[in-house]
Amino acid sequence: MTHTTHEFDRFEDVRAALADPALVPERPAAADGPPGASVAWLRATVARFSHGEPHRRRRALVEAELARLAPESLRQAAAVVPGEDIRFTVVRTLAAALGMPRPAAVAEAVIAVAGVYFGGEDAAADEAVARLVRWPAAPTEVGPGSTEVGPGSTQVGPGSTQVGPGCTSTEVGPDSTEVGPGCTSAEPVSTQDGPGSTQLAPGCPSLELVSTQVVPGTPSAGSEPTAEPVPVPFDAAPESAAGRIGLLVQACEATAALVETAAGNERLPLSRVLRELPPVRTMRRVAAGATRVAGREIAEGDVVLLDLAAANRAHPVPLTFGAPPRICPGRAHALAPADGLLRRPLTPFARLHRRAHPLLLPNAWDYASAAALAEQGFAAVGTTSLGVAASAGLPDGAAATAEATMSLARRLGRGRFLFTVDAEGGFSDDVAEVAALARALYEAGAAGINLEDGRPDGTLAPMELHAAKIAAVKQVAPALFVNARTDTHWASSHEDETATRLALYEQAGADGVFVPGLSDPAAIAELISALVVPLNILYAPGGPTLAELASLGVRRVSLGSLLYRRALAAAVTAATDIRDGRLTDPAAPSYAEVQALAYARQDRDPAAAPE
């Protein structure tokens, strides 16, 4: 039977096709192979080449498994060993994080499988699949005198095997919408201590457990066990083992392609690389049933070719990681090791956005308030444009405080703390003037700048203009952390522009993005799922707590003008209490303590200076 091939390159059409459940990835044609010992079996068992209920089941397992892996840990681990083959590092890092034994050997086997995963046959790749099936997710410590094999696993007694968290599957790679590690499957596996004993948790992966005999005192610190694995077969579902192998295979090829592309374009933000030079440029789908896309009838069995690169050029929010409802669940897990492998330098202030908990940024309005906050252990301090403007008797947001802001930055620059400056919209719509201001702030000692697209009349600056300001600032002060703010949630009827504006701003070079007024947890999570750079949220009493924002993936939480407004309220309350004969709160720093803040000025700590 003859089938028609349909080609789409318009953003709206490609997005619609990606979201259509009738259009599914095409499994490469190949003869059947033995279960657990062939690439053909692997393709037939992973989520990548499945659809309908099997795909939903395998993807759900994936999402649960990926939730165990911390992207920041993957980034750090990938950056540790320079000079390795990129594919080898990507797979070794993920294998170790999954608790698999012998991550280097796993990487070699996965690379062999990756060569024919999307088409072709190879006996060596079939043998590699068989080896990978025999290697479970396993321990970090193996017997006395040995050390870690990889994160996320546990101790094992002499001659015994303890199996760490389970297996994974994926939905990524050439001809697919996703780039990073895809879906995972399997329940965690546990063991009991004792020589040679292994106990499996319910729902454990489909694979053969391996009991690796290790002589006490065996060298470790990542070294491979010298003994041959002894397979301990048992009956279990095959999807877990296949899923884990598929995850590693697809991460191997797609993440490596992203890194290689970004390394050859080192001046481009990673977000621009994903949009303009996606590692997966075209995708191929087949119709599992009759459907309709962009007014075109597509019969069952028809082939659909999607030009991802062309579609991305037409819209700021790229489709590199898919489109709802089939966005790659491993997006963050692909970007993290890619970022680690690129080893792009980070300033001390930028590194504060990479910690386990969000950077809580209090905002000061003069030197004393900034120094007092730094004395309390805050890692960095921001300024509040409202506080600066009101202190000078000027309106906020009206481009009236450029001189006052610059003057404050020079004073703060003499302190021993990192600080970032709220510069409204740059106090000008002249891109060159904004860049000159940013350079002057950096030279005064600022580690960052906040640039907003909101205007005093409640409208928003054209997004292209704001993106041009960001690009100009990064050109003249590359080490200055640019936090690009959009006021879409403060300006009426602009919420639907948020994702587009943030995409443009990070592609222009913004190091972080800021959406004040956004407090809905679901909306925050959705934005984070599409961003490469850290998201900054304005703390709001009655909104999500710091812990709740952290759980959503927010990397920076600003207090804005809250402290200044509370300080005003405290001052007025104290004065009126005294006037009206009420008891007043005596909790206030002494004269000498405030004086000490001024005398504490000295050369900036070299460890905290912007790079």
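Which residue of β8 does R285 stand opposite? The legends below take up this question and then move through several close-up views of the predicted model.

**View 1. Strand β5 is flanked by antiparallel partners, β2 and β8.** Here is the reply to the opening question: R285 stands opposite V304 in β8. Strand β5 covers residues 282-287, and β8 covers residues 303-307. These two strands pair in the antiparallel sense over five bridges. Strand β2, residues 23-25, also pairs with β5 in the antiparallel sense, this time over three bridges. To find that pairing, look for L23, which stands opposite A287 in β5.

**View 2. A nine-stranded open sheet is built with parallel pairing.** Reading across the sheet, the strand order is β9-β17-β16-β15-β14-β13-β12-β11-β10. The edges are β9 (359-361) and β10 (363-364), each of which pairs on one side only. Strands in a sheet pair through backbone hydrogen bonds, in either the parallel or the antiparallel sense. One pairing to pick out joins β11 (residues 380-383) to β12 (residues 418-422) through three bridges, with the two strands running parallel. Within that pair, G382 has T420 of β12 as its bridge partner.

**View 3. Strand β14 is covered on both faces.** This strand spans residues 481-485, and five of its five residues are buried. In a regular strand, side chains alternate between the two faces of the sheet. In β14, one side carries F481, N483 and R485, while V482 and A484 are on the other, and all of these residues are buried. It is worth pausing on R485 and N483, since both are in the buried set; a residue counts as buried when its relative accessible area is under 20%.

**View 4. Strand β14 has parallel neighbours in β13 and β15.** Strand β13 (residues 448-452) pairs with β14 over five bridges in the parallel sense. A handy landmark is L451, whose bridge partner in β14 is A484. Between these two strands the chain travels through helix α17 (residues 463-476), giving a right-handed β-α-β crossover. Helix α17 lies across β13 and β14 and runs at about 175 degrees to β14. Turning to the other neighbour, β15 (residues 512-514) is joined to β14 by three bridges and runs parallel to it. Here N483 stands opposite G512 in β15. The connection from β14 to β15 passes through helix α18 (residues 498-507), and this β-α-β crossover is right-handed as well.

**View 5. Helices α6 and α7 pack in a left-handed crossing.** Helix α6 (residues 103-114) meets helix α7 (residues 123-134) at an angle of about 140 degrees, and their axes are 8 Å apart. The two helices are therefore oblique to each other. From α6, the contact is made by V106, A109, V110, A112 and V113; from α7, by A125, A128, V129, R131 and L132.

**View 6. Helices α5 and α8 make a right-handed crossing.** The axes of α5 (residues 86-97) and α8 (residues 239-263) come within 8 Å and cross at roughly 130 degrees. This pair is therefore oblique. On the α5 side, I86, R87, V90, V91, L94 and A95 make the contact. Their counterparts on α8 are L248, A251, C252, E253, T255, A256, V259 and E260.

**View 7. Two loop residues, R343 and A399, have positive phi.** R343 is not a glycine, yet its phi is about 55 degrees. Look for R343 in the loop between α11 (331-342) and α12 (348-351). With a relative accessible area of 35%, R343 is partly exposed. A399 is also a residue other than glycine, with phi near 55 degrees. The loop holding A399 lies between α14 (385-391) and α15 (402-412). A399 counts as partly exposed too, at 42% relative accessibility.

**View 8. The whole protein puts the close-ups in context, with 22 helices and 17 strands.** Of its 611 residues, 52% count as buried. Among contacts between residues at least 6 apart in sequence, 71% join residues at least 24 apart.

Technical notes:
Residues are numbered from 1 along each chain as its sequence is written. This is a predicted model: local features need pLDDT of at least 70, side-chain atom pairs count only at pLDDT 80 or more; totals for chains, interfaces and linings use all residues. Side-chain values use heavy atoms; hydrogens and water are left out. Buried means under 20% relative accessible area, exposed over 50%, partly exposed in between (1.4 Å probe, protein chains only). Helices (H or I, at least four residues) and strands (E, at least two) are DSSP runs, numbered from the N terminus. Two strands pair if DSSP finds at least two bridges between them. A crossover is right-handed if, with the strands pointing away from the viewer, the path from the first strand over the helix to the second runs clockwise. Axes are lines fitted to C-alpha atoms, for helices over the stretch in contact, and angles run from 0 to 180 degrees between N-to-C directions. Angles under 35 degrees count as roughly parallel, over 145 as roughly antiparallel, 65 to 115 as roughly perpendicular and the rest as oblique. A crossing is left-handed if the near helix is turned anticlockwise from the far one by less than a right angle, and right-handed if clockwise. Contact means heavy atoms within 4.5 Å.
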